[in-house]
Amino acid sequence: QVQLVESGGGLVQPGGSLRLSCAASGNIFTIYDMGWYRQAPGKQRELVAVITSGGSTNYADSVKGRFTISRDNAKNTVYLQMNSLKPEDTAVYYCNADIRPITTRRSYYWGQGTQVTVSS
């Protein structure tokens, strides 16, 4: 089995920072792209940032210059550093990873989600 476990969400004031982490575990053979998505109440889930196994990154326009995605391949972990947070960043943030397990087919996996609330 493969699991993604997120941590680091919480309540922060506008202009503040948070760092999200997502660790993949289980019978993993290879991890390809890893990314972060978010879903605000009443809205569709949207891509925030993605990073390839080689370190190439892509960001949603709304977070460029404020958020940074990174990964530690040795730890099977992806991070999202969020700076200059705005109330509109409030959402449940989900980790996503394209993984080939040792014994089963390559597939996309999701974390359970972590709440980020930006409010004064």
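## A walk through an all-strand chain

Let's start in the middle: the largest nonpolar core of this chain has 32 residues, and the ones with the most contacts inside it are Trp36, Leu80, Met82, Tyr93 and Ile99. Many strands feed into this core, with at least two residues each from strand 1 (2-7), strand 3 (18-26), strand 4 (28-39), strand 5 (46-51), strand 7 (67-72), strand 8 (77-82), strand 9 (91-101) and strand 11 (114-118). The largest share, 5 residues, comes from strand 9. In soluble globular proteins, nonpolar side chains tend to be buried together. One thing to keep in mind as you look around: this is a predicted model.

Now step back to the whole chain. You'll find 11 strands and 0 helices, so if you read the elements from the N terminus on, you simply get β-β-β-β-β-β-β-β-β-β-β. The C-alpha trace spans about 45 × 25 × 20 Å along its principal axes. How does the radius of gyration sit with that of a compact globule? For 120 residues such a globule would come out near 14 Å, and the chain has 14 Å, so the two agree.

Buried residues account for 41% of the 120 residues. The accessible surface adds up to about 6500 Å², and 46% of it belongs to carbon and sulfur atoms. As for charge, the chain carries 12 positive and 8 negative charges, whose mean positions lie 3 Å apart. Contacts also reach across the sequence: taking those between residues at least 6 apart, 55% join residues at least 24 apart.

Leu80, one of the core residues with the most contacts, is a good place to zoom in. Once you set aside its neighbours within four places in sequence, Leu80 touches Leu18, Arg19, Leu20, Trp36, Val48, Ala49, Phe67, Thr68, Ile69 and Tyr93. Two of those partners, Trp36 and Tyr93, are also on the list of core residues with the most contacts.

Next, hop over to Ile51, which has its place in strand 5. Is Ile51 buried or exposed? Its relative accessibility is 4%, and because buried means under 20%, Ile51 counts as buried. Leaving out neighbours within four places in sequence, its contacts are Tyr32, Asp33, Met34, Ser56, Thr57, Ile69, Ser70, Arg71 and Val78. Pick Ser70 from that set: it is 19 residues away from Ile51 along the chain, with the two C-alpha atoms separated by 7.0 Å.

Ile31 tells a similar kind of story. You'll spot Ile31 in strand 4, and with a relative accessible area of 10% it is buried too. Beyond its neighbours within four places in sequence, Ile31 is in contact with Ala24, Ser53, Arg71, Asn76, Ala97, Asp98 and Ile99. Arg71 is 40 residues away from Ile31 along the chain, and their C-alpha atoms are separated by 11 Å.

One of Ile31's contacts, Asn76, leads us out into the loops. Asn76 lies in the loop between strand 7 and strand 8, and with a relative accessible area of 25% it is partly exposed. Its backbone has a positive phi of about 55 degrees, although Asn76 is not a glycine.

Which other loop residue is worth a visit? Ser84, in the loop between strand 8 and strand 9, also has a positive phi without being a glycine, here near 50 degrees. Ser84 is partly exposed as well, with a relative accessible area of 41%.

How values were computed: Residues numbered from 1 in each chain as written. Predicted model: local features only at pLDDT ≥ 70, side-chain atom pairs only at ≥ 80, totals over all residues. Heavy atoms only, no water. Core = buried A, V, L, I, M, F, W, Y, C linked by side-chain atoms within 4.5 Å. Buried < 20%, exposed > 50% of the residue type's maximum accessible area, 1.4 Å probe, protein only. Helix = DSSP H or I, 4+ residues; strand = E, 2+ residues; numbered from the N terminus. Contact = heavy atoms within 4.5 Å. Rg over C-alpha atoms; globule rule 2.2 N^0.38 Å. Areas by Shrake-Rupley, 256 points an atom, 1.4 Å probe, with all protein chains shown as cover. Lys, Arg positive; Asp, Glu negative; His and termini not counted. Charge placed at Lys NZ, Arg CZ, Asp CG, Glu CD.
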